[in-house]
Amino acid sequence: MAIEVNDKATGELIDRVEENDAAGVDAAVGRAMEAFRRSAWRRDSRLRQDVMRRWADAIEAAADKLVDSLLAETGKVRTECERELAFTVDALRFNSGITRLIAGSAHELPDGSAGHLIREPVGVAGFIVPWNWPLFLLFRDLAPALAAGVTAVVKPSPLTPLTTMRAVALAPAELPDSVVVIVNGGAEVGQALAGHLDVAAVSFTGSTAVGRLVATAAVQRFAKPMLELGGKGASLVFPDADLDRAIEAIMANAFITAGQMCMANSRVLVHRAIAAQVRDRLAERVAALHVGDPRDAATDLGAIISATQADGIQGYLDIARAEGSLLLGGQRLELGGGAFIQPAVISGDRIDARLRSEEIFGPVITVEPFDDEDEAYALANETQYGLGAAVWSNDVSRTWRAARALSFGTIWINRYNRTFAEVPSGGMKSSGMGRTRGFEGVHEFTELKHINVELGA
Ligand code: NAD
């Protein structure tokens, strides 16, 4: 069977890739296990450093072609594809740098023995990746895992496998055979990978519902799950904030990837004293956004990934229409052969709970007023998600109180959606388990072993 990959803006067929089955996953894991056991990869940190550094260079040199490929299979605008390439290169570069710094610790113990704690790579790790930022989200987790010395079986989304396959093919020849193996397919292949007996850790980025299935399959045989799941990102805007900056950042992050982004700033909570002003300023900006061909430099929002995804977004917009909270936008546009939605603003005092707390994953923001700090924090925390939130205020004490009161893995103060290869990130509550990036991201793919030495009298 072949998977047909189409251009999301035009619907045209771009390419076909061979679909694997459970036996294909088994063979891929076998090859990765063989590479883990026999190659120099797990032991030679200098080799890992060198390969990852040169791999970053090769991806950077091919960036133009990879951007074109990413744009076609995701349907998002070129500037986002360029950023995705830059983040991918940075993930490889940062992790190549820390490859040779992964160390344990030594202890003198009360009985006179010596304890050595060493970090060993877990073995074969599985990577299951979504379609919205397919290359970067793979390398965000894969680069720290390779730094740790694991070997990897990677399953891209069947909607967007092409750029990943091209970028993996750019690895330098010194990358030992089968250190990174790709399998293609959907739920069945993902499930076979997550449940495979020889896969010691599973990194999953995707929806919370599928994350639960993947974690269950992994934990049943005590493999380590690392989950980066859905989000309901909020900005909390206080009257003493720099409103120009806040509005700029909300606009930049609410409609990124047409709102199909885990970190999207989909919810805006505004103090009642400035709520009408902020709502109107946002509405004016949203009405001016241009939806259409992602190849056109004037386009702000490209395509929705599929008609099914667009139908799901429309379902939420229908809830808003029915209760009268849809302020503007939300029309389905039929341009070319893709699915497009005009960005929408939903606003009101007590809008439907589904709009407030569920992940819409489309070009939709909700603007809601609050009366005091406690209400702002309670509203932001009412969702099951806890990935990222921002606080807009020039009162340092308040921003600190907010940062402590909000149940999100990342809190930005007077900025939004800044992430760094150096600093771990991840979700609270149903937004995930574990942390990616930083040393913590490397440690997710290691086992800590205690070697206890009898030193004698
Ligand atoms: P998805 O959960 O439908 O699919 C993600 C991956 O899992 C794909 O590769 C898919 O083929 C695979 N899959 C599907 N069913 C499976 C199963 N039963 N077992 C194993 N694998 C299976 O998600 P999506 O639609 O590709 O992506 C959108 C979701 O991803 C949103 O919820 C978004 O918030 C989330 N996301 C999270 C982050 C983050 O870093 N936290 C980043 C991007 C996207």
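This is a short tour of a predicted model, moving from the whole chain to two sheets and then to a single side chain.

**Stop 1: the whole chain**

Start with everything shown as a cartoon. The chain holds 15 helices and 22 strands. Turn the model around: along its principal axes, the C-alpha trace spans about 75 × 60 × 40 Å. A compact globule of 457 residues would have a radius of gyration near 23 Å, and the chain has 23 Å, so the two agree.

Now switch on a surface. The accessible surface comes to about 18600 Å², and 52% of that belongs to carbon and sulfur atoms. Of the 457 residues, 56% count as buried. Which contacts link parts of the chain that are distant in sequence? Take the contacts between residues at least 6 apart in sequence: 72% of them join residues at least 24 apart.

**Stop 2: the sheet of 6 strands**

Select β5, β6, β7, β8, β9 and β21. In what order do the strands of this open sheet lie? The order is β7-β6-β5-β8-β9-β21, and the pairing is mixed. At the edges you will find β7 (180-182) and β21; each has a single partner strand, so one side of each is left without a neighbour in the sheet.

Walk in from the β7 edge. β6 and β7 pair in the parallel sense over 3 bridges. To see one place where they meet, click on valine 153, whose bridge partner in β7 is valine 181. Next, add helix α7, which packs on the sheet and touches β5, β6 and β8. The direction of α7 makes about 155° with that of β5.

Colour helix α7 (residues 187-194) by burial, and Val189, Gly190, Ala192, Leu193 and Ala194 come out as buried. What do these buried residues pack against? Their neighbours are α1 (22-38), β5, β6 (151-155), β8 and α8.

**Stop 3: strand β8 and its partners**

Zoom in on β8 (residues 199-205). This strand is mostly covered, with 6 of its 7 residues buried. On one side is β5 (residues 124-128), which pairs with β8 in the parallel sense over 5 bridges. Here phenylalanine 127 has serine 203 of β8 as its bridge partner.

Then look towards β9 (residues 224-228), which pairs with β8 in the parallel sense over 5 bridges. Two places to click are alanine 201, opposite lysine 224 in β9, and serine 203, whose bridge partner in β9 is methionine 226. So that you can follow the path between these strands, add helix α8 (residues 208-219): β8, α8 and β9 make a right-handed β-α-β unit.

Stay with β9 a moment longer. It is mostly covered as well, with 4 of its 5 residues buried. Does β9 run parallel or antiparallel to β21 (residues 432-433)? The two run antiparallel and are joined by 2 bridges. Leucine 227 stands opposite methionine 433 in β21.

**Stop 4: the sheet of 7 strands**

Hide the previous selection and show β10, β11, β12, β15, β16, β18 and β19. These 7 strands form an open sheet in the order β12-β15-β16-β11-β10-β18-β19, with mixed pairing. The edges are β12 (326-328) and β19 (410-413), each with a single partner strand, so one side of each has no neighbour in the sheet. Look along the sheet to see its twist, which averages 25° from one strand to the next.

Two helices are worth adding here. Helix α10 (residues 272-287) packs on the sheet and touches β10 (234-237), β11 (267-271), β12, β15 and β16. Its direction makes about 145° with that of β11. Helix α11 (residues 307-323) also packs on the sheet, touching β12, β15 and β16. The direction of α11 makes about 105° with that of β12.

Within the sheet, β15 (residues 344-347) and β16 (residues 364-370) run parallel, joined by 4 bridges. Select isoleucine 346 and you will see it opposite threonine 366 in β16.

**Stop 5: leucine 317**

Finish by selecting leucine 317, which sits in helix α11. Is leucine 317 buried or exposed? Its relative accessibility is 1%, and buried means under 20%, so leucine 317 counts as buried.

What is around it? Leaving aside neighbours within four places in sequence, leucine 317 is in contact with Leu326, Gly330, Ile341, Ala344 and Val364. For a last distance, pick the C-alpha atoms of leucine 317 and glycine 329: these residues are 12 apart along the chain, and the atoms are separated by 9.3 Å.

Note on methods:
Residues numbered from 1 in each chain as written. Predicted model: local features only at pLDDT ≥ 70, side-chain atom pairs only at ≥ 80, totals over all residues. Heavy atoms only, no water. Pairing = 2+ DSSP bridges. Axes fitted to C-alpha atoms, helices over the stretch in contact; angles between N-to-C directions. Contact = heavy atoms within 4.5 Å. Rg over C-alpha atoms; globule rule 2.2 N^0.38 Å. Buried < 20%, exposed > 50% of the residue type's maximum accessible area, 1.4 Å probe, protein only. Areas by Shrake-Rupley, 256 points an atom, 1.4 Å probe, with all protein chains shown as cover. Right-handed = clockwise from strand over helix to strand, strands pointing away.
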